[in-house]
Amino acid sequence: MVSWRIGAVLVALAVAAPAWADDAGIVIAIKDHQFVPQEVEAPAGQKLKLVVRNEGTTASEFESSSLHREKVVKPGGEITVLVGPLKPGDYEFFDDFHRETRGHLAVK
Ligand SMILES: [Cu+2]
């Protein structure tokens, strides 16, 4: 059970982070062991919200060494990954459970 105090803190945090509140983020799906899209463009110097949806029937792990992120995505599930601000460049990501599944984030 969450006490009202913790609830109040969570509400305060949600209000303090308006940048994400109305931003749907960059959606990347995983379908048939492919990222869709495989190449995602994003602006440099900004915080980015990546939404990774697993539309497959097996678990995946969204992972990126250059972004320093790794998170399991259940079949039919969705995760949110916050990154940035990033410098221009190419940031590769992959499914650590199916390593041939790769994509990249082109930051410009
Ligand atoms: Cu991993």
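Two strands count as paired here if DSSP finds at least two bridges between them. With that rule in hand, the reader can follow the sheets of this predicted model.

Start with the overall inventory. The chain has two helices and nine strands. Along the sequence they follow the pattern α-α-β-β-β-β-β-β-β-β-β. The chain has 108 residues, and buried residues make up 32% of them. Of the contacts with a separation of 6 or more, 58% join residues 24 or more positions apart. The chain exposes about 6700 Å², with carbon and sulfur atoms supplying 57% of that area.

Now the five-stranded sheet. This sheet is open, its strand order is 3-9-8-5-6, and its pairing is mixed. Strand 3 (39-42) and strand 6 (69-73) stand at the edges. Each has a single partner strand, so one side of each is left without a neighbour in the sheet. On average, neighbouring strands of this sheet are turned by 20 degrees against each other, direction ignored. Strands of a sheet pair through backbone hydrogen bonds, in either a parallel or an antiparallel sense.

Both senses can be traced through strand 9. Strand 3 pairs with strand 9 in the parallel sense, over four bridges. Within that pairing, Val40 stands opposite Leu105 in strand 9. Val40 also belongs to the covered face of strand 3, together with Ala42. Glu39 and Glu41 form the uncovered face. Strand 8 (residues 89-95) and strand 9 (residues 98-107) run antiparallel and are joined by seven bridges. Here Glu92 has His104 in strand 9 as its bridge partner.

Thr101 is another residue to look at in strand 9. Its relative accessible area is 1%, so Thr101 is buried; the cut-off for that label is under 20%. Apart from neighbours within four places in sequence, Thr101 is in contact with His33, Gln34, Phe35, Phe93, Phe94 and Asp95. Gln34 and Phe35, two of these contacts, fall within strand 2 (residues 34-36). Phe93, Phe94 and Asp95 fall within strand 8 (residues 89-95).

Next comes the metal. Which residues hold the copper ion as protein donors? They are Glu61 (OE), Glu63 (OE), Glu70 (OE) and Asp96 (OD), at 1.9 to 2.2 Å from the ion. Along the chain, the donors follow the spacing E-x1-E-x6-E-x25-D. One pair among them links distant parts of the chain. Glu63 lies in strand 5 (residues 60-64), while Asp96 lies in the loop between strand 8 and strand 9, 33 residues apart. Their exposure can be set side by side. Glu63 has 14% relative accessibility, so it counts as buried. Asp96 has a relative accessible area of 21%, so it is partly exposed.

What is the geometry of the copper site? The angles among the four donor atoms run from 88 to 158 degrees, and the site is irregular. The tetrahedral label fails because it needs all angles between 85 and 135 degrees, and the range here reaches 158 degrees.

The other sheet has four strands. It is open, with the order 2-1-4-7 and mixed pairing. Strand 2 and strand 7 (78-83) stand at the edges, each with a single partner strand, so one side of each is left without a neighbour in the sheet. Neighbouring strands of this sheet are turned by 25 degrees against each other on average, direction ignored.

Walk across it from strand 2. Strand 1 (residues 26-31) runs antiparallel to strand 2, and three bridges join them. Ile30 has Phe35 in strand 2 as its bridge partner. Ile30 also stands opposite Asn54 in strand 4. Strand 1 and strand 4 pair in the parallel sense, over five bridges. Strand 4 then pairs with strand 7 in the antiparallel sense, over six bridges. In that step, Arg53 has Glu78 in strand 7 as its bridge partner.

Is strand 4 enclosed or open to the outside? Six of the seven residues of strand 4 (residues 48-54) are buried, so it is largely enclosed by the rest of the structure.

End at the edge, with Val36 in strand 2. Its relative accessibility is 37%, so Val36 counts as partly exposed. Leaving aside neighbours within four places in sequence, Val36 is in contact with Val27, Ile28, Ala29 and Lys31. Val36 and Val52 are 16 residues apart in sequence, and their C-alpha atoms are 9.8 Å apart in space.

Terms used:
Residues numbered from 1 in each chain as written. Predicted model: local features only at pLDDT ≥ 70, side-chain atom pairs only at ≥ 80, totals over all residues. Heavy atoms only, no water. Axes fitted to C-alpha atoms, helices over the stretch in contact; angles between N-to-C directions. Donors = N, O, S within 2.8 Å, 3.2 Å for Na, K, Ca; no water. Tetrahedral: all angles 85-135°; square planar, octahedral: opposite > 155°, others 65-115°. Buried < 20%, exposed > 50% of the residue type's maximum accessible area, 1.4 Å probe, protein only. Contact = heavy atoms within 4.5 Å. Areas by Shrake-Rupley, 256 points an atom, 1.4 Å probe, with all protein chains shown as cover.
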